[in-house]
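Q: Please take a close look at one part of this protein, the place where a metal is held, and then explain how that part sits within the chain as a whole.

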Amino acid sequence: MTAAVEEAPRPRFLPHGAFHYDVKARVEAWLAQPGRSARDVPAMYAKTAIILAWFAVSWTALVFFASSWWAAGALSVSLGLAIATIGSAVMHDANHGAYSRHVWVNRVAGWALDAMGASSYIWRTKHNAAHHTWTNLDAHDDDLHVGPFARLTVEQPLRAWHRAQHLYMWGLYGFLLPKWAYFDDFVNLSTGRVGSLRLDKPSRGEWAALWAGKVTFTLWALVIPLWRHDLLSVLVCLVVASFATGVTLAVTFQLAHCVEDAGFPVVAADGRLGLDFAEHQLATTVDFAPGNPIVTFLAGGLNYQVEHHLFPKVCHLHYPALARIVEATARDHGVAYRVTPGLWAAIGSHYRMLRKMGAAAPAPHRSVQAGLVA
Ligand SMILES: [Zn+2]
C-alpha cells in the first residue's frame with residue numbers, strides 16, 4: 001500500500017451513503033446480465049489492436065516514407081493523436097486493472113505508457129491513489145499542480161503571469177509528454193513522493209520497466225528518426241506530435257475536473273470532508289460531450305469521467321451505458337450530476353476557469369459543502 005506522508009492530514013470521507021450503495025447495486029446488476037463482463041471485453045482488445053496499428057503505421061510512414069513537409073506534418077499530428085489515445089484508452093484502463101481480470105494482462109498493456117516515455121509505476125500512485133481518491137483536493141491531488149506555470153485552485157500562490165494563463169496554458173499543454181517523460185518522473189523518483197503520497201519502493205520489474213521505457217521512447221522518438229533525417233526536421237516533427245498528444249491528453253483530463261462546474265472541496269483541520277466518497281466524485285467531476293463518438297474514442301471514454309471515477313475497474317467501453325444508470329440514480333437521490341453538453345462548451349468553461357484563477361482577486365470556487373469549501 002502507498003503510505004500518506006505523516007505531515008499531511010489524511011482526508012476522511014463521510015461513511016458511504018444511500019447513493020453510493022444504490023448506484024453500485026444498479027451497475028453491478030447491469031454488468032451481471034448475460035453476455036456482459038466488466039473486463040476482458042472483446043471489443044476492447046479489437047480497439048487496442050486498431051490504436052497500436054494506427055501508431056505503428058503513423059510512425060513508420062513518418063520516419064521512412066514521408067517525402068514532403070505537408071505529409072510529415074499530417075503524419076506527425078496522426079502520430080501525436082495515436083500516442084494520446086494509447087494513453088487514454090489502453091494504458092489508462094490497464095493501469096486501473098479495468099482491462100482484464102488477469103493481473104499480468106493489465107501489467108503488459110500498462111507498459112504501453114512506459115513505451116510512450118512515462119513510467120506506469122509512478123502513474124499508478126499519481127493517478128490511481130492520489131487523483132482518484134482525493135480528487136480536486138489541492139494538497140493531495142497531484143494533477144492540480146503544474147509548478148509555477150498556472151494557478152488552478154485558490155490555495156495556490158498567485159503570480160503576475162497567471163493573468164494570462166487562460167491564453168498561454170494551451171501552448172504549454174503541448175509539452176506535457178516530454179516534461180512527463182524526462183522531468184516529472186525523475187522529480188517524483190528523487191523526492192520519493194507524489195503530492196502527499198510516498199512512492200512505494202519499486203520492485204525489480206517496475207524499475208526495469210521504467211528504464212526500458214525511457215530507452216524505448218528515446219529510441220523511437222529521437223535516435224531512429226535522427227538516423228534517417230536531420231536534427232531540425234526531427235525536432236519540428238516531434239514538437240508537432242507532442243502538441244497533438246499534450247493538448248489532447250490535457251483537454252481530456254482538464255475538461256472533467258478544471259471547469260466552472262467542478263467543485264474544489266477543502267479539508268477541515270482534522271482531515272474531515274463533508275461528503276462521502278461517491279458524492280465527492282460527483283461534486284468534483286463533470287462529464288463532457290457525451291454521445292460524441294470521436295471524442296469518446298480519442299478520450300478512451302474519459303468524457304464520461306464521473307462514471308470512470310465511480311467505477312475505475314470497469315472497461316471504458318461500458319461508460320456510455322453506465323452514464324444513464326448513474327444519472328438516473330443521482331436524480332433519485334437528489335445528488336447533482338454534472339454534464340457539459342459539448343466539447344467546445346467544455347473548452348470554453350476550462351478557459352474561463354483559468355482566467356478566473358489567474359485574476360488578481362479571483363472569485364471563490366463553486367461551493368459544494370457549506371463551511372468546508374473554498
Ligand atoms: Zn483514471
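A: What follows starts at the metal site and then widens to the chain around it. The model is a predicted one, and it is worth keeping that in mind while reading the values below.

The zinc ion has five histidines listed as its protein donors, namely His92, His96, His127, His132 and His308, each of them through its NE2 atom, and these atoms lie 2.0 to 2.2 Å from the ion. If you follow the donor residues along the sequence, you find them spaced as H-x3-H-x30-H-x4-H-x175-H. Two of these donors show what such spacing can do: histidine 92 belongs to helix H3, which covers residues 69-96, while histidine 132 belongs to helix H5, which covers residues 120-133, and so the pair ties together parts that are 40 residues apart in sequence. Both histidine 92 and histidine 132 are buried, a word that here stands for a relative accessible area under 20%.

Following the chain onward from H5 brings us to asparagine 136, which is placed in the loop between H5 and helix H6 (165-172). Asparagine 136 is not a glycine, and yet its phi is positive, at about 60°. With a relative accessible area of 1%, asparagine 136 is buried. A further residue with a positive phi that is not a glycine is alanine 289, where the angle is about 45°. Alanine 289 is found in the loop between strand S5 (287-288) and helix H11 (293-298), and its relative accessibility of 2% makes it count as buried.

Turning now to the whole chain, we find 14 helices and 6 strands. The radius of gyration of the chain is 21 Å, close to the 21 Å that the globule rule gives for 374 residues, so the chain is as compact as a globular protein of that length. Along the principal axes, the C-alpha atoms fill a box of roughly 60 × 60 × 45 Å. Of the 374 residues in the chain, 51% are buried, and among the contacts with a separation of 6 or more, 73% are made by residues 24 or more positions apart.

The outside of the chain can be described as well: its accessible surface comes to about 16,400 Å², and 68% of this belongs to carbon and sulfur atoms. As for charge, the chain has 30 positive and 26 negative charges, and the mean positions of the two sets are 2 Å apart.

Note on methods. Residues are numbered from 1 along each chain as its sequence is written. This is a predicted model: local features need pLDDT of at least 70, side-chain atom pairs count only at pLDDT 80 or more; totals for chains, interfaces and linings use all residues. Side-chain values use heavy atoms; hydrogens and water are left out. Donors are N, O and S atoms within 2.8 Å of the metal (3.2 Å for Na, K and Ca); water is not among the atoms, so sites may look incomplete. Helices (H or I, at least four residues) and strands (E, at least two) are DSSP runs, numbered from the N terminus. Buried means under 20% relative accessible area, exposed over 50%, partly exposed in between (1.4 Å probe, protein chains only). The radius of gyration is taken over C-alpha atoms; the globule rule is 2.2 Å times the number of residues to the power 0.38. Contact means heavy atoms within 4.5 Å. Accessible areas come from the Shrake-Rupley method with a 1.4 Å probe; for residues, only the protein chains shown count as cover. Lys and Arg count as positive and Asp and Glu as negative; His and the chain ends are not counted. The place of a charge is taken as NZ of Lys, CZ of Arg, CG of Asp or CD of Glu.
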